[in-house]
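Here are a few exercises to work through with the model open in your viewer. Try each task before you read its solution.

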Amino acid sequence: MPLRDRLLAVLTATLWGCNFLAIHAMLTGIPPLLAGSVRFLIIAIPTVLFVPWPGVKVRWLVGYGLGFGTLQFAFLFVGLDLGMPTGLASLVLQASAPFTVLLGAVLLAERLTVRQVCGIGLAVVGMAAIAWQRAEYAALLPVILTLLGALSWAVGNLCSRQARPANALHFMLWGSIVPPIPMFVLSLVFEGPGAQWTALSTVLAGDAWLSLAGLAYVVVFGTVVGSGIWTMLLSRHPASTVAPFSLLVPVVGMTLAFALLDERPTPVEITAAVVVVGGVLLGSLPRRRTPPAVDTTTFIPVSSRQR
């Protein structure tokens, strides 16, 4: 993985770490499932009108839209709305990295190097240590929902990898046309038309600007920019190489939660976050190239060449 792509992966992780703070703001005034539907609808309408078809098989596009879009954010948004701490959510969702590697090895037969396995294992140990420290602050159901969101993200990663779009941004944008309708139906069933109408009728009242600002960030930076770069990287490299960078997201998310939401990490959590970063860097290092062997099986004496 060249340095430029590694820097892009780090940038994406930073954008997604900030995304959790934006989601926290967005959900202060919009029900979670309705928020997910509106988020993707804003992207879907101009996509259908102005963005060329990405030229991929429909099944991979639908799989990406359902996994990365509908299911991941339905589970995540509801989990956050039910009390999942923002910093802890940014951590638990990164279980998508080992999920992606595992599914890639099982379903796509992607070969893992010893260094990748060690790096991912080290990062997972750090993530587990943080989760153990923070478990007392989260109820079981929000944690389970966030883990299901991580598994859905992994499925979307593999669909993106299989699609191999020529234009990753076009693929990501067209994948956004899948989530709005199923998420709106889920909102109608579980949140009810009353909650939907209340959110829409008060969208410009009071402190609603905070929800709108969060929604704008999630759409532009969390989805268009972040997901576009991520999809491009998955189209260039194996999922097992790209996915570990997502483990950097909780470092950003927990730092922002500490600074702005007063979610204070313990010394163990800070140490474990450093371990996570070290594991990601170890797992992303390029393979050592073995110099080509010198062929010594054929030897022509000088006297023979002169003849």
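**Exercise 1: two helices and their crossing**

Helix H1 (residues 3-26) packs against helix H3 (residues 58-81) at an angle of about 60°, and their axes are 11 Å apart. Task: work out which class of packing this makes, and which residues form the contact of H1 with H3.

Solution. First, the ground rules. This is a predicted model, in which local features need pLDDT of at least 70, side-chain atom pairs count only at pLDDT 80 or more, and totals for chains, interfaces and linings use all residues. Residues are numbered from 1 along each chain as its sequence is written, and side-chain values use heavy atoms, with hydrogens and water left out.

Helices are DSSP runs of H or I with at least four residues, strands are E runs of at least two, and both are numbered from the N terminus. Axes are lines fitted to C-alpha atoms, for helices over the stretch in contact, and angles run from 0 to 180 degrees between N-to-C directions.

Step 1: H1 is oblique to H3 (under 35 degrees counts as roughly parallel, over 145 as roughly antiparallel, 65 to 115 as roughly perpendicular, and the rest as oblique).

Step 2: the crossing of H1 past H3 is right-handed (the near helix is turned clockwise from the far one by less than a right angle; anticlockwise would be left-handed).

Step 3: H1 brings Trp-16, Phe-20, Ile-23 and Met-26 to the contact, while H3 brings Phe-68, Leu-76, Phe-77 and Leu-80. Contact means heavy atoms within 4.5 Å.

Step 4: sorted by class, the contact of H1 with H3 has eight nonpolar, no polar and no charged residues (Ala, Val, Leu, Ile, Met, Phe, Trp, Tyr, Cys and Pro count as nonpolar, Asp, Glu, Lys and Arg as charged, and the others, Gly among them, as polar).

**Exercise 2: a second partner for H1**

Task: find which residues of H1 and helix H13 (residues 249-260) meet.

Solution. Step 1: H1 and H13 pack at an angle of about 40°, with axes 7 Å apart, so the two are oblique to each other. Their crossing is right-handed.

Step 2: Ala-13, Thr-14, Trp-16, Gly-17, Cys-18, Phe-20 and Leu-21 of H1 touch Val-249, Val-252, Gly-253, Leu-256 and Leu-260 of H13. By class, the contact of H1 with H13 has nine nonpolar, three polar and no charged residues.

**Exercise 3: the core**

Task: say which residues have the most contacts inside the largest nonpolar core.

Solution. Step 1: the largest nonpolar core has 66 residues, and Ile-23, Met-26 and Leu-76 have the most contacts inside it. Such a core is a set of buried Ala, Val, Leu, Ile, Met, Phe, Trp, Tyr and Cys residues joined through side-chain atoms within 4.5 Å; buried means under 20% relative accessible area, exposed over 50%, and partly exposed in between (1.4 Å probe, protein chains only).

Step 2: H3 gives the most to this core, with eight residues.

Step 3: leaving aside neighbours within four places in sequence, Ile-23 is in contact with Leu-76, Phe-77, Leu-80 and Val-218.

**Exercise 4: an odd phi**

Task: where does Arg-164 sit?

Solution. Step 1: Arg-164 lies in the loop between helix H7 (140-163) and helix H8 (168-175). Arg-164 has a positive phi of about 45° although it is not a glycine.

Step 2: Arg-164 is partly exposed, with a relative accessible area of 48%.
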